Amino acid sequence: MRGEERYQFPLRASSRSEILIRANEPPHLQVEAGYSVWLLTGNRQVSVTPATSCHILRCNSDFVAATLDLAVSREAVNAGYCSALRSYAMCTKRLSRACRGDLAYHSAVQGIEDLLIQHRCPRVGPTAQPRPPLLKRCRVTPGQTPEYLHCSVFGDPHIRTFNNDFHTCAVPGAWPLIDNEYLYVQATSSPARGGMYATVLTKITIIFKNWRQCIDQQLYQAELDNVPAAFADGSMWSGEWRGHRSLTVRTLNPGRHAEIRAVHVGTVLVVRQSGRSLGLSVLSPRGVVEAFRPEQDLQLCVWGCPPSQRLNTLHPPPSDPLMSTALSAEDHCAGLLPARDVYYQACVFDLIASGDLNSSMAAVSALQDAQTMIPDREGVHLLLVGSAGHTRPHLTLLLLLLLSILGTLSRP
């Protein structure tokens with residue numbers, strides 16, 4: 001950008017592209033989707049990356065967290081912003097020895113100094129209170145058993161949300177599945193080979209956001225025919241606290257399966273290839289799942305597919321309009337799955353839509369993951385209700401029916 005100076009350093013992903021901090025505006029008013037912080041203060045553009053031994057990322061994360069929820073009034077915003085800047089400055093001072101000679105660190109220090117001057121912030125005053133971490137000590141606190149929620153995405157694609165809704169979606173391209181303070185997960189759907197209507201998951205991207213002393217930002221990516229048992233940088237683990245690794249990757253089937261354990265947020269993610277599609281299963285505490293802001297309003301694992309993108313799971317489009325495969329698909333899926341639940345209906349849908357017998361394995365694998373992740377056996381099997389593909393009857397319809405009955409009973 002012309003006429004501006006940028007100090008860039010990787011940051012925990014508060015949204016999907018970058019956090020913009022302008023010298024003349026509070027930073028929370030300039031949030032874009034991303035993974036970097038920019039301090040815009042001068043007339044030059046500088047791009048830098050911190051050394052691995054310098055943990056300036058943690059100062060960056062605390063600063064952004066402190067400025068996300070500032071009050072609306074200009075006076076309150078400026079006071080809160082100045083408090084956050086003073087905290088940011090104190091954090092950098094504590095790192096002065098470890099970060100000596102690091103360009104990202106010295107750029108941040110200079111950027112903070114410029115912003116303090118331009119916002120006329122007193123050097124002495126209150127500092128921002130750090131946002132309390134959801135989970136302590138980089139792992140679920142011993143003795144506490146949080147409520148765990150399950151989400152899975154598989155097949156054409158079908159989504160079982162954290163709230164146990166079930167949708168079949170027409171969502172070509174890349175869509176966010178999870179977007180909260182700790183985790184960002186995106187799935188890419190592409191047309192299936194040989195099917196007229198079918199789509200399949202072909203790429204899954206997982207970003208573990210930088211979190212305090214637990215982990216620095218880490219990226220995992222899987223594509224069709226390439227499900228690595230390692231993060232994008234080649235490592236198989238990341239982050240360590242008192243001898244415990246915060247992030248680990250392992251595999252039971254190299255190239256087609258990966259299990260990622262994020263101990264610092266009590267979360268397990270399983271990525272696998274079944275037939276010619278990818279699938280993802282997630283188990284995560286409710287506190288992690290619900291740690292998102294209002295602008296993070298598109299998460300398929302939380303709200304399911306947008307209404308305009310939902311398909312009727314009970315009526316799949318045939319791969320060949322001249323060929324009736326419904327009966328054979330039902331028989332095939334009944335032989336693979338123990339109940340006529342959402343996994344059975346997804347299996348039938350995928351077989352009819354793609355015409356590929358291998359497509360049935362996506363539902364089988366998703367059910368296996370659900371049986372492993374959900375302790376309540378009764379809660380594993382969801383049933384589709386009605387022809388719209390929802391798992392629950394519409395509340396408004398029930399209320400209208402109840403009012404109608406009451407009205408009838410009250411007549412003389």
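**Close-ups of disulfides and a sheet**

**View 1. Cys169 and Cys305 form a disulfide, with their sulfur atoms 1.4 Å apart.** The pair links distant parts of the chain, 136 residues apart. Cys169 belongs to strand 7 (residues 166-169). Cys305 sits in the loop between helix 5 (300-303) and strand 17 (310-311). Are these two cysteines buried or exposed? Cys169 has a relative accessible area of 1%, and Cys305 also comes out at 1%. Buried means under 20%, so Cys169 counts as buried, and so does Cys305. Note that this is a predicted model. The count for the model comes to 4 disulfides, and two others follow.

**View 2. A disulfide joins Cys82 to Cys121, sulfur to sulfur 2.0 Å.** Where in the chain do the two partners lie? Cys82 is in helix 2 (residues 74-94). Cys121 is in the loop between helix 3 (103-118) and strand 5 (148-154). The two are 39 residues apart, and the link ties distant parts of the chain. The angle about the S-S bond is -70°, a left-handed link. Cys82 has 4% relative accessibility, so it counts as buried. Cys121 has 8%, so it is buried too.

**View 3. Cys333 and Cys347 are joined by a disulfide, S to S 2.0 Å.** This link connects two helices. Cys333 lies in helix 6 (residues 326-336), and Cys347 lies in helix 7 (residues 342-354). They are 14 residues apart. Here the angle about the S-S bond is -85°, and the link is left-handed. Both cysteines are buried.

**View 4. An open sheet of 9 strands has antiparallel pairing.** Read across the sheet, the strand order is 12-13-14-15-16-5-6-7-17. Which strands stand at the edges? They are strand 12 (237-241) and strand 17. Each has a single partner strand, so one side of each is left without a neighbour in the sheet. Within the sheet, strand 5 pairs with strand 16 (residues 277-285) over 6 bridges, in the antiparallel sense. Look for Tyr148, which stands opposite Pro285 in strand 16.

**View 5. Helix 7 and helix 8 each lie across strands of the sheet.** Which strands does helix 7 cross? Helix 7 lies across strand 5, strand 6 (158-160), strand 7 and strand 17. Helix 7 runs at about 170° to strand 6. Helix 8 (residues 361-373) lies across strand 5, strand 15 (267-274) and strand 16. The angle between helix 8 and strand 15 is about 160°.

Technical notes
Residues are numbered from 1 along each chain as its sequence is written. This is a predicted model: local features need pLDDT of at least 70, side-chain atom pairs count only at pLDDT 80 or more; totals for chains, interfaces and linings use all residues. Side-chain values use heavy atoms; hydrogens and water are left out. A disulfide is a pair of cysteine sulfur atoms within 2.5 Å. Helices (H or I, at least four residues) and strands (E, at least two) are DSSP runs, numbered from the N terminus. Buried means under 20% relative accessible area, exposed over 50%, partly exposed in between (1.4 Å probe, protein chains only). Two strands pair if DSSP finds at least two bridges between them. Contact means heavy atoms within 4.5 Å. Axes are lines fitted to C-alpha atoms, for helices over the stretch in contact, and angles run from 0 to 180 degrees between N-to-C directions.
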